[in-house]
Amino acid sequence: MLLEVKDLHAGIDGKEILTGLNLQVKTGEVHAIMGPNGSGKSTLSKVLAGHPSYEVISGEVLYEGKNLLDLEPDERAREGVFMAFQYPVEVPGVSNSQFLRLAYNQKMMHLGQEELDPLEFNDYLKEKAKIVDMNPEFFKRSVNEGFSGGEKKRNEILQMAVLGPKLAILDETDSGLDIDALRIVAEGVNKLRSDDNAIILVTHYQRLLNFIVPDMVHVLAGGKIVKEGGKELAFELEEKGYDWVKAATK
Amino acid sequence: MNWSPTLLSRLTVHSSHFTVRFMAAVMETIYADAFKRFAASLDEPEALSRLRADAFDVFTRMGFPAVKTEDWKYTNVAPFAGGDWKIPDSPEKSAADIDLDLLDIFDGGRNGFTALNVAFGEFATLRIAKDTIVDEPISFNFTADEGSAHFPHLLIIAEAGSKATIVESYASASKSFTNTAIQIVVEDNAQLTHYRVQKESEEVFHYGVTEVSVGRDAVYNATNINLGAALSRHDIELKFTATGGEAWVDGLYMLNGSQHSDTHSIIDHTVPNCTSHQNYKGVLNDKSRAVFNGKVLVRENAHGTDAKQSNKNLLLSNEARVDTKPQLEIFNDDVKCAHGATVGQLEEEELFYLSTRGLPENLARNLLTYGFAEEIINKIGIESIKSDLDESVLNRLNVNLSV
């Protein structure tokens, strides 16, 4: 098992948001976590990535059999956990390629593998940029600065491609995207999907799942998983709305 | 003997007052003797010698600025200014090409430093001929020997329709006193880019002033980088003299240890339809201290003025301190003005973002700090200077981007 979340209670500012969440993800699988606003989707993403403002009250998160919660966010990243942000942060003054090379080399250093110099890395980056159809012009620009919503999300997937995580959590990657941008981002994710990694898609809408077809759908409400099923569950949700699940759990 | 506490404290006040007066007298004697020797060696137009003598009189009257003066309340120059500096016996430059008309309008009476600068001035004039485009940057590099004072004074005239870039840099390697001035005239339709790089050793005492006048439809674009010196002060005074002028007066100060940096600027919109931009950033570590005082004046008839001013500071240590005071004084209604100042620390969300990409916290912090400073350094259009500054900044932050 790649990721095992057991009876997780967590929150922010003293408020419990996740109220006993369980989840199991195997390598090679794509899981969708769907839920209405306020159900705890974002909290789950942030707790898994290690956001310092969120606190875990009780429960366990095992990643490759080890306690993930013991690791700092940067250690988690170097161990292969990646989160694509709903609102990617702008980093003025630092170019995309500088940033990505630093991140890539940190990971290589950690794994005891060879680091790449700027020229070698540039070739590697160009190759990866094809996955999200990104113009190399973006390499020189400051990270996310002045990027449109769609460009920011593509940049997130480019980072995923460069870092090659074992577990990628895509937090509302579809939000704010028009249909063309959504298609490019989804195609990028599909190209990166493999038997060697797992992807968790966190989303409010079923729309994204037309493009990235999940193996499993989990419905989150009130801070825990209230319904699970195959990809057809997403269609059922789309049709009946979240009230259907909320009503069913009361 | 029985001293009452009141008497004792009164006596103490008296004696320290006496010490200050006494030191000032000694200091003035040092400069007075030096000026006597200096004046005796002069072989230059009478008018110039007279300017020097008058300026020295002003200095004798004013002395060095004291912290009780509003403009100097955060910057105490006493420990440095009164130092026993070696003062040149004669001016270095030949006097032949000095633009006396321009020198004559220099505000030497601004303070004791500017007065002293004129008295001992090592003047040099650069004229960029009408309608000439100079592609190569024109560089002025100044360094002082250990223990000595130097008094560079540049007179730059960008004649109508000309275009050029000047680089003014200071890099003394050991304890010394820089007292420098630059006067710049950007005539009608001329474009002047000005990089000022202060990378003195951290024992240097640096005072500098920049006086600029911007003519009709002229463009002046300045970037002032302050990385060095134990104590540095930069006074900037820019005046629009005809309509349609545009100016950038940007800068960065980046301080460590117990460095102190003070920037005072006045941007004076005296005429209609001019645009000014000022973006100053500061990065302060350890126990360093910075002062930013930026005044934008929009005079009564200066309608159509567009003025922006910003001063953002990043404090990397709890012991660092910045005093910032952006000021707008507007005497006309038909203007667009914006100003603001911030003092803050690195954003938690930015740090978290970088850490989720595998960067250790320290590297993430330093990279964000570098990015903060880069906004100013990136303006520099000369690759050799830019990469040199990049390296200085990265070295300070211990970041290696070429890994």
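This section describes the chains, the interface, the nonpolar cores, the sheets and two backbone outliers of a predicted model.

Chain A comprises 10 helices and 12 strands. Its C-alpha trace extends over about 60 × 40 × 35 Å along the principal axes. The radius of gyration of chain A is 18 Å, in agreement with the value near 18 Å that a compact globule of 250 residues would have. Of these 250 residues, 48% are buried. Among the contacts in chain A with a separation of 6 or more, 71% are between residues 24 or more positions apart.

Chain B contains 8 helices and 17 strands. The principal axes of its C-alpha trace span about 70 × 65 × 50 Å. A compact globule of 403 residues would have a radius of gyration near 22 Å, and the 22 Å of chain B agrees with this. Buried residues account for 43% of the 403 residues of chain B. In chain B, 83% of the contacts with a separation of 6 or more join residues 24 or more positions apart.

The interface between the chains involves 24 residues of chain B, in contact with 24 residues of chain A. On the side of chain B that touches chain A, the elements giving two or more residues are α6 (348-355) and α7 (361-377) of chain B. The largest share of that side, 9 residues, belongs to α7(B). Sorted by class, the side of chain B that touches chain A holds 11 nonpolar, 6 polar and 7 charged residues.

Nonpolar side chains tend to be buried together in soluble globular proteins. In the present model, the largest nonpolar core has 109 residues, of which A:I169, A:L170, A:L201, B:L367 and B:A373 touch the most other members. The element that gives the most to this core is α7(B), with 9 residues. With residues up to four places away in sequence left out, A:L201 touches A:V30, A:A32, A:I33, A:L170, A:L208, A:I212 and A:P214. A second core, separate from the largest, consists of 63 residues and includes B:A149, B:I184, B:Y207 and B:L231.

In chain A, six strands form an open sheet with mixed pairing, in the order β6-β9-β10-β3-β11-β12. Its edge strands, each paired on one side only, are β6 (81-84) and β12 (224-229) of chain A. On average, and with direction ignored, neighbouring strands of this sheet are turned by 20° against each other. Within the sheet, β3 (residues 30-34) and β10 (residues 198-203) of chain A run parallel and are joined by 5 bridges. A:I200 of β10(A) stands opposite A:H31. Helix α6 (residues 149-163) of chain A packs on the sheet, where it touches β6 and β9 (167-171) of chain A. The direction of this helix makes about 170° with that of β6(A).

In chain B, strand β5 (residues 163-170) is paired with two other strands. Strand β2 (residues 138-142) of chain B pairs with β5(B) in the parallel sense over 5 bridges, and B:Y170 in β5(B) is the bridge partner of B:F142. Strand β7 (residues 191-198) of chain B also runs parallel to β5(B), to which 8 bridges join it. Here B:H194 in β7(B) is the bridge partner of B:I166. The side chains of β5(B) alternate along the strand. B:A164, B:I166, B:E168 and B:Y170 point to one face and are buried, whereas B:K163, B:T165, B:V167 and B:S169 point to the other face and are not.

Most residues other than glycine have a negative phi. Two exceptions are described here, one in each chain. A:E172, which is not a glycine, has a positive phi near 50°. This residue lies in the loop between β9 and α7 (179-192) of chain A. A:E172 counts as buried because it has 21 C-beta neighbours inside 10 Å, the threshold for burial being 20 or more. In chain B, the non-glycine residue B:N273 has a positive phi of about 60°. B:N273 is located in the loop between β12 (260-269) and β13 (275-284) of chain B. With 18 C-beta neighbours inside 10 Å, B:N273 counts as partly exposed.

Definitions and conventions: Residues numbered from 1 in each chain as written. Chains lettered and ligands numbered in written order. Predicted model: local features only at pLDDT ≥ 70, side-chain atom pairs only at ≥ 80, totals over all residues. Contact = placed C-beta atoms within 7 Å. Helix = DSSP H or I, 4+ residues; strand = E, 2+ residues; numbered from the N terminus. Nonpolar A, V, L, I, M, F, W, Y, C, P; charged D, E, K, R; others polar. Core = buried A, V, L, I, M, F, W, Y, C linked by C-beta atoms within 7 Å. Buried ≥ 20, exposed ≤ 12 C-beta atoms within 10 Å, placed from the backbone. Pairing = 2+ DSSP bridges. Axes fitted to C-alpha atoms, helices over the stretch in contact; angles between N-to-C directions. Rg over C-alpha atoms; globule rule 2.2 N^0.38 Å.
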